[in-house]
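Trainee: Can you walk me through this one? I would like to start with a helix and then move to the DNA.

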There are 2 protein chains.
Amino acid sequence: MKRIVLIYGAALAGLIALLKYVEYRFLVRDFSLEVYIGVIAVLFMGLGIWAGPRLTRRKVVLIDPNFVLNEAELQRLGISKREHEVLDLIAKGHSNQEIADKLFVSVNTVKTHLSNLFLKLDAARRTQAIQKAKKLRLIP
Amino acid sequence: MKRIVLIYGAALAGLIALLKYVEYRFLVRDFSLEVYIGVIAVLFMGLGIWAGPRLTRRKVVLIDPNFVLNEAELQRLGISKREHEVLDLIAKGHSNQEIADKLFVSVNTVKTHLSNLFLKLDAARRTQAIQKAKKLRLIP
DNA sequence: GCCCAAATCATCCTTTCGGGTGAGGGATGT
DNA sequence: ACATCCCTCACCCGAAAGGATGATTTGGGC
């Protein structure tokens with residue numbers, strides 16, 4: 001962060017010095033102000049493009065705003081709404097019992113949904129189901 | 001993409017026109033070339049920062065090439081190299097036995113590593129550990 | 001009305017996980 | 001030499017997860 005500001009400052013200072021030096025030699029006669037401005041604009045736009053992500057990126061992305069559910073894949077695998085809910089909850093680290101409580105159903109029901117999910121996703125464990133579901137963009 | 005280029009072009013043209021218009025009125029007398037350059041630099045650096053992500057971002061990120069391990073967090077939690085390996089493998093959906101085979105150690109060892117991990121990550125289940133580790137960028 | 005998919009719940013049984021504890025060997029640093 | 005950390009392994013126990021199967025209910029579509 002501080003480094004970026006320093007680099008920006010140094011670039012600006014250097015450019016001004018360069019222009020000051022060059023101003024009374026060749027350029028003022030040969031090129032117009034528009035070219036000047038263009039060069040500076042391009043230079044600093046480039047710097048902005050380079051420095052932008054470094055200045056603005058957040059440390060941790062909690063929920064991905066770019067996530068779009070892959071409904072085609074969801075349908076292709078024949079995953080029902082309820083099964084998808086359960087899938088989402090195991091990915092968030094909940095146990096079967098917690099999911100049952102959250103959805104107001106019995107643990108057995110959750111287990112049934114999970115069994116069906118494991119078949120449809122060809123997974124042997126919940127962790128594997130999560131990994132595959134993420135790859136297929138069925139969950140964030 | 002094209003829109004961005006157009007906006008950039010329009011901004012540049014507009015600025016030049018503005019400067020051209022303003023040049024022979026107030027500014028040339030009141031402000032020096034350095035201020036000019038500074039204003040232009042700031043303006044276009046801002047434009048670069050704004051346009052940069054829009055020009056460079058990819059549509060879909062299959063495997064995140066931007067993943068950088070959060071080593072600070074890793075150290076803060078006191079997670080050892082071996083523990084981190086195990087963490088990575090459970091996130092890929094492997095069972096304890098599979099991990100043991102992969103790392104050429106006994107299942108008991110894997111379980112010990114996992115127990116320590118659960119303590120350090122404050123997790124009760126492997127799925128929860130995965131979820132937390134992802135949030136902390138300890139694993140991709 | 002009938003059919004079907006989805007959702008619900010249950011029972012039985014096996015495997016996997018997770019918690020607790022102890023313990024030995026190797027590397028590192030004081 | 002001693003302390004400390006990491007890695008390793010073992011044993012026990014209980015809880016959670018997973019597999020197989022069958023049954024009931026419910027809401028839409030034909």
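Mentor: First a term: helices (H or I, at least four residues) and strands (E, at least two) are DSSP runs, numbered from the N terminus. Residues are numbered from 1 along each chain as its sequence is written, with chains lettered from A and ligands numbered from 1 in the order in which they are written. This is a predicted model, where local features need pLDDT of at least 70, side-chain atom pairs count only at pLDDT 80 or more, and totals for chains, interfaces and linings use all residues; side-chain values use heavy atoms, without hydrogens and water.

Trainee: What follows α6(A)?

Mentor: Asp122(A), with a positive phi near 55°.

Trainee: And at the start of α6(A), what does Ser106(A) reach?

Mentor: A side-chain oxygen of Ser106(A) comes to within 3.2 Å of the backbone nitrogen of Asn108(A). That is a polar contact: a pair of N or O atoms within 3.5 Å; within protein, one must be able to donate a hydrogen and the other to accept it, and residues adjacent in sequence count only if both atoms are side-chain atoms.

Trainee: Which residues of α6(A) are buried?

Mentor: Val110(A), His113(A), Leu114(A), Leu117(A), Phe118(A) and Leu121(A). Buried is under 20% relative accessible area and exposed over 50% (1.4 Å probe, protein chains only).

Trainee: Why are they on the same side of α6(A)?

Mentor: They cover an arc of only 140° around the axis, so they fall on the same side of α6(A). The arc is taken over the directions from the helix axis to the C-beta atoms. On the other side, Asn108(A) and Leu119(A) are exposed.

Trainee: Switching to DNA. Which residues come nearest to strand C?

Mentor: Of the 17 residues around DNA strand C, the nearest are Ser80(A), Ser106(A), Thr109(A), His113(A) and Arg126(B). Near here is a heavy atom within 4 Å. Sugar and phosphate make up 69% of the strand C atoms that come within 4 Å of the protein.

Trainee: What does Thr112(A) contact there?

Mentor: An N or O atom in the side chain of Thr112(A) is 3.2 Å from a base nitrogen of DNA strand C. On the phosphate side, a polar backbone atom of Ser106(A) is 2.7 Å from a phosphate oxygen of that strand.

Trainee: Which helix gives the most to the surface near strand C?

Mentor: α6(A), with four residues. For DNA strand D, α6(B) gives the most, also four.

Trainee: Where does His113(B) sit relative to strand D?

Mentor: A polar side-chain atom of His113(B) lies 3.1 Å from a phosphate oxygen of DNA strand D. The side chain of Thr112(B) has an N or O atom 3.1 Å from a base nitrogen of DNA strand D.
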